[in-house]
Amino acid sequence: MKLNNPIYRKDLGKQDYNEHNPVSPDEFLKEKFNAVLDHPVYIDGNIHRFTPNGSKDKDGWYVFSEVDGIVFGKAGDWRLGKDHDERYSPEGKISEETLSRMAEKQREIEEERLQRKKSALARLTSEWDILPRCTNHPYLEKKKVQVHGDIRMTDKYMVIPMYDSEGNLINRQAISNDSSKRFGAFLETTGARYVIEGSGATFLCEGYATGASIFEATGATVVVCFSANNLKNVAKDYPDATIVADNDKSQTGEREAIKAGLKYILIPEEGMDANDYACTYGNDALNNFLFQGRPAKKRWLMSFSEWSRMQKPAEWLIKGYVPKGKGTSMIFGPSGCGKTFISIDMMLCIVTGTQWHGMKTRKASVAYFCGEGQSGIPGRVDAWLLAHGYSLDDKDEILKDFYISDGSKDLNDPFDTKELHEELAAMERKFDLIFIDTLNRYFSGDENKADDIHAFLAECENIESVVEGVHIMIVHHTGIASEKENRARGNSALRGAMQVELMVLKNPDTGQILLKQTKQKDIEPMPDAFFTLKRVDLPYLDNDGEQIYSVVPQCDGEERQPVDFNSIRANLLLRKAVKDSFEAKSEEVSIDPDDGKTILSSSLLISVAKFFYENAGMEVPYDDEYGLIKPERKQSFVAMYLGDRIEKYTKGWWKIV
């Protein structure tokens, strides 16, 4: 979309907005870095500073240039390192001559920047030895810590040296009387550290005051990394160290500690780092916590009014169905009931901001951990887009916030989870929702054992700590024996951890899908919803020249015919028995060579009937085993629960043999 923001030159003159820059430079800085600007954006090829998100100082920088009225450039945050730099690039068709001039201009800027970096480093090293030693400073008094090591000072600043892994001076951090901090312009920050030598354990932390408090409390070696984002760059040189993570409200400290891959200790009170903790409770308390993991005084009991002010109202991605924010929910049902179609429908409504069948939807980014049936997903997505009036030509732009996995991972396997965490942490994207489809494909434990389920749920929490604020929706199957109770398969610990639980069932007589809430923690359960799968022809053919189509859920006004849960359960039992028999090459089933229909033995059908009644706690209607399956008897298993549905679920009829 073309915005009407003006672009400012250094002389403060304004120019009309150029079609090749659909987002203005100031909007770009605000979008990428949440920049706070105290000046009009300069388009002069020189480096300028701004205050980025979460900083009290001007840690952000940008360089914008202009050729033929087209603006381009680059911006970054010195705290994050060069890997997080963002390019500001024009869009649309640009002439070869202009592109050539832009490339030449960019080379000139880069060469000038490299020269400035060399000059800045030479100036730093030449001036360092003549700077006087720091003995006291208002920042130290404010933080209640001492000078440790070779720290220098100027008239206004306390200056902390920053070294690379080989001990070379590569930058400095200047801290002013008002505690604002600045790194040296054009100098390296990635991998920079300042070491306070001690004995025993080794701790990594973010800032100097935090490190000084840890050293004064423990006497251990402390490595100051200067920012949370730099922890991972320094951590590789200290594999046995422990990170002391700041407990930021944004969870940045813990998230970056996890990315670093070392053991870490999180300061127990939100909003505190180790220096805050020591100033509040004393060095002994900090030492006790770091070595024993026991937090000092922490409020637990408070007035209801105070407690209630800390609580947040429930938020939703789909009102009443898919929560927003940290937590885990589940959608479950038997195989072939349509739960994946419902799941994809929900995900795409969220990604596009489309109302979900009349329910309010919040536009957000979604990651789909797709563990099975991947070949059919493109057609299902295309069908959904067409059914909702979107053009397939715009698919890339429409689905830019929709990501999908290439296969599955075992969330009970440490290697797989480490790879998953690293990939999620490395992505420059925050997901609001992750669908895990299905639990069985991402879980190698025994779903009936509480310990294994707890381990899986713990990994879901680990993902939530890497992807801040993400909600996880698990797709799962229902157990055959528990179908009568409408429960998901496995240990009850799984259900107990869910925020919202949705059951999907398909009526075998009408094909109508039922979506029923079986658990809702925050609000009153939503009413039952009913869907029909509507065919959508796709604009392409298969290899045989036949029409390819898929289906999308269409919401029905009401239930056309009540779902017979016992019939669904009976059909599931029979289908599983036939499948298992074929796989085992049992004589209980065979194919009629004349009509290609499935022949079921009476003994197999009788065993299914007995299992059905025993697990449902129902009385068997006949003493005669064959009476259970004779269709002419009104109370038989076949007449009451299977009827003509056998043909639907076993792809053939049956006869006693």
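User: What makes strand 20 and strand 26 the edge strands of the open sheet of 9 strands?

Analyst: In this predicted model, the strand order of the sheet is 20-19-21-22-18-23-24-25-26, and the pairing is mixed. Strand 20 (402-404) and strand 26 (547-556) each pair on one side only, and they are the edge strands. Neighbouring strands are turned against each other by 25° on average, with direction ignored.

User: How do you know that strand 25 pairs with strand 26?

Analyst: Two strands count as paired if at least two bridges are found between them. Strand 25 (residues 529-541) is joined to strand 26 by 9 bridges, so the pair meets the requirement of at least two. The two strands run antiparallel, and L541 stands opposite Q547 of strand 26.

User: What does helix 11 touch on the sheet?

Analyst: Helix 11 (residues 377-387) packs on the sheet and touches strand 19 (366-370), strand 20, strand 25 and strand 26. Its direction makes about 105° with that of strand 25.

User: Why is helix 10 called oblique to helix 11?

Analyst: Helix 10 (residues 339-352) and helix 11 pack at about 55°, with their axes 11 Å apart. Roughly parallel needs an angle under 35 degrees, and roughly perpendicular needs 65 to 115. An angle of about 55° fits neither range, so helix 10 is oblique to helix 11. Their crossing is right-handed. On the helix 10 side, the residues that meet helix 11 include F341, I344 and L348, while I377, R380, V381 and W384 are the helix 11 residues.

User: How do you know that R380 lies over the face of F341?

Analyst: For an arginine, CZ has to be within 6 Å of the ring centre and within 35 degrees of the ring normal. R380 is at 4.1 Å from the ring centre of F341, and it lies over the face. R535 gives another such case: its charged end sits over the ring of Y549, 3.7 Å from the centre. Both distances therefore fall within the 6 Å limit.

User: Why is helix 4 called roughly perpendicular to helix 8?

Analyst: Helix 4 (residues 208-218) and helix 8 (residues 283-292) pack at about 90°, with axes 8 Å apart. That angle falls in the range of 65 to 115, so helix 4 is roughly perpendicular to helix 8. S213, I214, E216, A217 and T218 of helix 4 meet N283, L286, N287, L290 and F291 of helix 8.

Technical notes
Residues numbered from 1 in each chain as written. Predicted model: local features only at pLDDT ≥ 70, side-chain atom pairs only at ≥ 80, totals over all residues. Heavy atoms only, no water. Helix = DSSP H or I, 4+ residues; strand = E, 2+ residues; numbered from the N terminus. Axes fitted to C-alpha atoms, helices over the stretch in contact; angles between N-to-C directions. Contact = heavy atoms within 4.5 Å. Parallel < 35°, antiparallel > 145°, perpendicular 65-115°, else oblique. Left-handed = near helix turned anticlockwise from the far one by under 90°.
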